[in-house]
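Here are a few worked exercises to try with the model open beside you. Have a go at each task before reading its solution.

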Amino acid sequence: MVLKVFFPSCCATAESGLLIGRWIPEQNSAVVLAVVHFPFIPGQVKQYLSEVQRVTQIDMCVLGSWSNSKQEKEEVLDKFLEDLSTIFSHEPWIQLSKEGDSKFWSCCIFQKCPSSPKEDEFILVYYDQRKVMLSQLHPTDSLTTFADHKGNDASKLGAVFDTVAKSKVLFMTDRYDDGPIKLTHWQSEGVEASIIVELMKQASVPVCMLLTFLLSLVSSVCKSRVLKFWPLSFIWSKLSTCEQLGHRLEHLQIISSNRKAQNQTQLMRKANIFVSLLIDMTLGILLMSWLYRENRIGQLADTLIPVADHIAKELQDLLQWLMGVPAGLKMNRALDQVLGRFFLYHIHLWISYIHLMSPFIEMILWYVGLSACLGLTVALSILSDIIALLTFHIYCFYVYGARLYCLKIYGLSSLWRLFRGKKWNVLRQRVDSCSYDLDQLFIGTLLFTILLFLLPTTALYYLVFTLLRLLVVFVQGLIHLLVDLIDSLPLYSVILRLCRSYRLAASVKFRVLEQKPGKPLRLLMQINPLSYGSVVQTYRLTTYACYPKDSWSSLCKKLFVGELIYPWKHKEEKLD
Amino acid sequence: MEEGMYRAVCGGRIALQRRQYSASCREFSVRCPRLQLRSLSAATCSVWLAAYGLFVLSQNSMVLSAAIFITLIGLIVYLHFVKIDQESLLVIGSLGIQMTSSYASGKENTTFIEMSQVKDVVINEAIYMQKVIYYLCILLQDPQEPHGVSEVVPLFQSSKPRLDCLVEVYRSCQEILEQRKTSDFTRTLN
């Protein structure tokens, strides 16, 4: 039978004593957590172990003895160590011994009833206690399903990591403590702590309480009935800025809640949200400082009106082109003139409204620009909303053109059925034959002909305005994609993977150390960190993702039929 | 430690090193053919000739600097992400199987599979274009079905040794996996 001993590399130079840790019988492996030094009273050791066991919920026990003799092997010490095995009864009793500065240790076990006559083989696995304690194992999907089914027979490595992580209490005593037990482990030279972390922990409590209070005020204002009336609620739902602000409010609520994070995932989530908010606000403030320097806001406001005018002029030229002979196609003169004049009048109205608003533009822009301090994402959402407002007339034209085209297509398809002597049966949801009267057929055919010959004109207007609308939608989609990226990127996890890669472990890797025949096999266990792709995938923040609602084929079908398209759909529930 | 020279599927010469650390721990390393100087010079010369041709056409010296930049970046990317120097397989009887690929720039990519997940190590054959090639792979246990296979992990993907080399590795691995079965048997008996 192969016996595996996981030995912490910090205890390799410890004085002789007892090995304490956890024995995992299903895997025939022993995880050594610390070494208890002489002198000790066995009763006190047992009491201490049972206390630690109660707190950490791990079966900690004395696994064996460790002897580090600087000189030749002492016979007396050997006998003493053998006697210890009778005091602390543990099956099997492991004896590790190191001579002088030799790298190769000898390992033997005592068993009251030897199970197999074959000689036992030992594997000594060295591990870095501090790194294994702090690290979080991320098993792949196949391993998690494996673990669920087999229960505790599953991952050996998971058990080792679990054992070391849960015994934090054991590592809290260092050699300067005046206790009855003297231990050696990774922190026995002195407990590590950081003053900055402690100060921040103390300061975070009042800050969180203040933040919670402010947020409750803000959310009560937002939920007030005044803002729920129909026109306002419609506007709020359409503006992406409000959505983004609501999203950030939720994030702030998560951070400022005074419930401690239960497990690692929640802790990482909170840290990611905090870093994301911090970076967002920093970038927003940088943007704001750049905008307000040298009166750039004023310059922006001054160029806004000429830009809107320019867009309107371009649209007017486009309509004049359509009213003439666009791309060599011959249009129906009367319908062309009607549609063209209608749209031209619309543009004229729009320009008048813009000019009416022009004295207030600078002031509005100045105050709106202040909200960039809430974050870069808010500034980008405002930009997206401004684009939507400026191109509102394109949206209107698209809706008019699409509706007209849609009506025409429906009329054509229905009259085409009449032309062939068929009819749509609404009850049975299928096409049935039908006998029409002569006058019905006559009028139907006449209308069909009229609609058919007017189709190219309407279709061309529809095509032009749909293309313009798709362009605007594309630009807005890009901005929303950028906002989503900033929202959902887990920056804290990526920085952790960069600087402290042992905290996020995908698996382990073993290195075979120098061997000597006759001595146990020596391996070094190191942590294999997660790849950056898996880090981002595992710790992605929830976001209201902006994704294309339709596949390409259904989009083309909708475009052909003339249905109004809203290609970006915001998910109602969060995308995890 | 034993070393043998074999051939890869494409015809290049590869070296197999076998080391036995203990009764249940063995390591097999396959060294791929190194980067040839003539292929490197051929690639560099062709890129620079193309750049010089473009320069003569356009008279823009940016083309030349861009060509140098591209060659350098391309070489670094190739050495760090593409060219695998050595692939090794470490089998530790009761712990698991570890596969390491070391790239030409020194980067090492390691995967460790625990012994409880390993069902068996087999040689599979595959039809690739007009050839039938053999490859060594690890079959992973399906947790729900004891006789099922959940995943097939191929080994020595970039060095692609031929059947004679694979058989050596296969025989050694099977010896260690046999020990696992006997130890399981004695455990169930007790």
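Buried means under 20% relative accessible area, exposed means over 50%, and partly exposed covers what lies in between. Keep in mind that this is a predicted model.

**Exercise 1. Work out whether A:Asp487 is buried or exposed, then find its salt-bridge partner and say which helices the pair ties together.**

Step 1: start with the accessibility. A:Asp487 has a relative accessible area of 2%, so it is buried.

Step 2: look for the partner. The side chain of A:Asp487 meets that of A:Arg248 in a salt bridge, 3.3 Å from N to O. A:Arg248 sits in helix α8 (residues 240-256) of chain A and A:Asp487 in helix α14 (residues 438-488), so the bridge ties together parts that are 239 residues apart in sequence.

Step 3: check the other end. A:Arg248 counts as buried because its relative accessibility is 5%.

**Exercise 2. Take the salt bridges of B:Arg31 and B:Glu175, and place each partner in its strand or helix.**

Step 1: B:Arg31 pairs with B:Glu3, and their closest N and O atoms are 3.3 Å apart. This links strand β3 (residues 25-31) of chain B, where B:Arg31 lies, to strand β1 (residues 2-7), home of B:Glu3, across 28 residues.

Step 2: add the accessibilities. B:Arg31 comes out at 32%, so it is partly exposed. B:Glu3 is partly exposed too, with a relative accessible area of 44%.

Step 3: now B:Glu175, which forms a salt bridge with B:Arg26, the closest N and O atoms being 2.8 Å apart. B:Glu175 belongs to helix α3 of chain B and B:Arg26 to strand β3, with the two positions 149 residues apart in sequence.

Step 4: compare each residue with the cut-offs. B:Glu175 is partly exposed at 44%, whereas B:Arg26 is buried at 10%.

Step 5: step back to the network. Salt bridges with shared partners join A:Arg248, A:Asp280 and A:Asp487 into one network. Over all chains, the structure holds 11 salt bridges.

**Exercise 3. Which residues does A:Ser69 touch, leaving aside neighbours within four places in sequence?**

Step 1: locate the residue. A:Ser69 is part of strand β4 (residues 60-69) of chain A, and it counts as buried because its relative accessibility is 9%.

Step 2: list the contacts. With those neighbours set aside, A:Ser69 is in contact with A:Lys98, A:Glu99 and A:Gly100.

Step 3: set sequence against space. A:Ser69 and A:Glu99 are 30 residues apart in sequence, yet their C-alpha atoms are 5.4 Å apart.

**Exercise 4. Find a patch of positive charge and a nonpolar patch on the surface, and inspect one member of each.**

Step 1: go to chain B for the charge. B:Arg7, B:Arg13, B:Lys131, B:Lys160 and B:Arg162 gather there in a surface patch of positive charge.

Step 2: pick B:Lys160. This lysine lies in the loop between β9 (149-154) and α3 (163-189) of chain B, and it is partly exposed because its relative accessibility is 39%.

Step 3: switch to chain A for the nonpolar patch, which covers about 1,200 Å² and includes A:Tyr345, A:Leu349, A:Phe360 and A:Trp366.

Step 4: pick A:Leu349. You'll find A:Leu349 in helix α11 (residues 333-370) of chain A. Its relative accessible area is 32%, so A:Leu349 is partly exposed.

How values were computed
Residues numbered from 1 in each chain as written. Chains lettered and ligands numbered in written order. Predicted model: local features only at pLDDT ≥ 70, side-chain atom pairs only at ≥ 80, totals over all residues. Heavy atoms only, no water. Patch = residues over 30% accessible without salt bridge, like charges linked within 9 Å, V, L, I, M, F, W, Y side chains within 5 Å. Areas by Shrake-Rupley, 256 points an atom, 1.4 Å probe, with all protein chains shown as cover. Salt bridge = Lys/Arg side-chain N within 4 Å of Asp/Glu carboxyl O. Lys, Arg positive; Asp, Glu negative; His and termini not counted. Charge placed at Lys NZ, Arg CZ, Asp CG, Glu CD. Helix = DSSP H or I, 4+ residues; strand = E, 2+ residues; numbered from the N terminus. Buried < 20%, exposed > 50% of the residue type's maximum accessible area, 1.4 Å probe, protein only. Contact = heavy atoms within 4.5 Å.
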